[in-house]
Amino acid sequence: MQSPLNATLSATDMPVVEKQAAVEKQAVAEKQAAVEKQAVVEKQAAVEKQAAVEKQEYRDAMARLGSAVNIITTDGPGGRAGFTASAVCSVTDTPPTLLVCLNRSASVHSAFTQNQVLCVNTLADCHESLSNLFGGKTPMEQRFDAAEWARLATGSPILTDALVSFDCKVTQITSVGTHDILICEAVALRRNDDSHGLVYFDRRYHPLMRQIA
C-alpha cells in the first residue's frame with residue numbers, strides 16, 4: 001500500500017525534497033569539515049606554543065656558538081661607519097659572497113644601506129680592545145682613530161692588520177625580524193698570514209692560535 005506521504009507528493013515535488021536533503025547533507029558535511037579544521041588549528045597552536053623558544057633562552061644558547069669577531073666598515077654618501085659583529089658567514093664562492101646581519105635600530109644602519117658597500121675585517125688576537133670600541137657607544141671618529149686603515153676597491157675602510165678583509169658591494173638586503181641580512185659580493189680581499197685569530201665564545205674573547213707549518 002502506498003504511504004500517505006508518498007500519496008500526497010506529485011512527480012514535480014520529488015526533486016524539491018531530494019534537493020533539500022542534499023542541501024542538508026552538504027551543511028552537515030561543511031559543519032564537520034569546520035570542526036575538523038578548527039581541531040587542526042588548535043593542535044597546531046598547541047604545538048607552536050610548546051615549541052616556542054624564549055628570547056633569553058635563545059640568546060644563552062647562541063652564546064655557546066663560537067664565532068669569529070669582525071669589524072664591519074663602510075664609507076660613501078651615507079658617511080663613514082663601523083660596528084663589531086659576529087653574525088657573518090659565507091654564502092657561496094661563485095660568486096664569492098657572504099652575509100652580514102645588521103640590526104635595523106642600530107645608529108649605523110642608514111650609512112650601510114645608503115652606501116651599499118662594506119668591508120668585513122676579521123680581527124686578529126690583538127684586536128680585543130678595538131672590538132669593544134666598535135661595539136660600544138664611542139663616537140665614530142674616535143673608533144677609526146684607534147687603528148690604521150687603508151682602502152681597496154669600494155672605498156670602505158680596510159683594517160691594515162686584520163686577519164683578513166673582504167671588500168664587498170651589497171647586492172641584496174632581506175629583512176628578518178629585527179635585523180637586515182646584507183648579501184655581500186666580495187670584489188677584493190686582503191690576507192694577513194702572520195697573525196692569530198680571535199673568537200667569541202660563552203660571552204668571552206678567546207685567542208685562536210694558527211698552526212705554523
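Let me start with the main sheet of this predicted model, in which seven strands are arranged in the order β3-β2-β6-β9-β10-β5-β4, with antiparallel pairing, and the sheet is open. The edges are taken by β3, residues 81-85, and by β4, residues 88-93, and because each of these has a single partner strand, one side of each is left without a neighbour in the sheet. Going from one strand to the next, the twist averages 30°.

If we look at the β3 edge in more detail, its partner is β2, residues 70-74, and the two strands run antiparallel and are joined by five bridges. For orientation on the screen, you can find Ile72 and, opposite this residue in β3, Phe83.

Now to the strands β1, β11 and β12. Strand β1, which covers residues 67-68, pairs with β11, residues 197-201, in the antiparallel sense and over two bridges; within that pairing, Ser67 has Tyr200 of β11 as its bridge partner. Strand β11 is also joined to β12, residues 204-208, again in an antiparallel manner, and here there are five bridges, with Phe201 standing opposite Arg204 of β12. These two strands, β11 and β12, form a hairpin with two residues between them, and in that hairpin Asp202 adopts a positive phi near 55°.

Next, a residue outside the strands: His127 sits in the loop that lies between β6, residues 117-122, and α5, residues 128-134. Is this histidine buried or exposed? Its relative accessibility is 4%, and since buried means under 20%, His127 counts as buried. Leaving aside residues up to four places away in sequence, His127 is in contact with Leu159, Asp161, Ala162 and Leu198.

Finally, the cysteines, where one may ask how many disulfides the structure holds. The number is zero. Taking Cys119, the closest cysteine sulfur belongs to Cys168 and lies 6.8 Å from the sulfur of Cys119, which is too far for a bond, given that a disulfide requires the sulfur atoms to be within 2.5 Å. Cys168, for its part, is in no disulfide either, and the cysteine sulfur nearest to its own, that of Cys184, is 5.3 Å away. As for solvent accessibility, Cys119 counts as buried at 0% relative accessibility, and Cys168 is likewise buried, its relative accessible area being 0%.

Conventions. Residues are numbered from 1 along each chain as its sequence is written. This is a predicted model: local features need pLDDT of at least 70, side-chain atom pairs count only at pLDDT 80 or more; totals for chains, interfaces and linings use all residues. Side-chain values use heavy atoms; hydrogens and water are left out. Two strands pair if DSSP finds at least two bridges between them. Helices (H or I, at least four residues) and strands (E, at least two) are DSSP runs, numbered from the N terminus. Axes are lines fitted to C-alpha atoms, for helices over the stretch in contact, and angles run from 0 to 180 degrees between N-to-C directions. Buried means under 20% relative accessible area, exposed over 50%, partly exposed in between (1.4 Å probe, protein chains only). Contact means heavy atoms within 4.5 Å.
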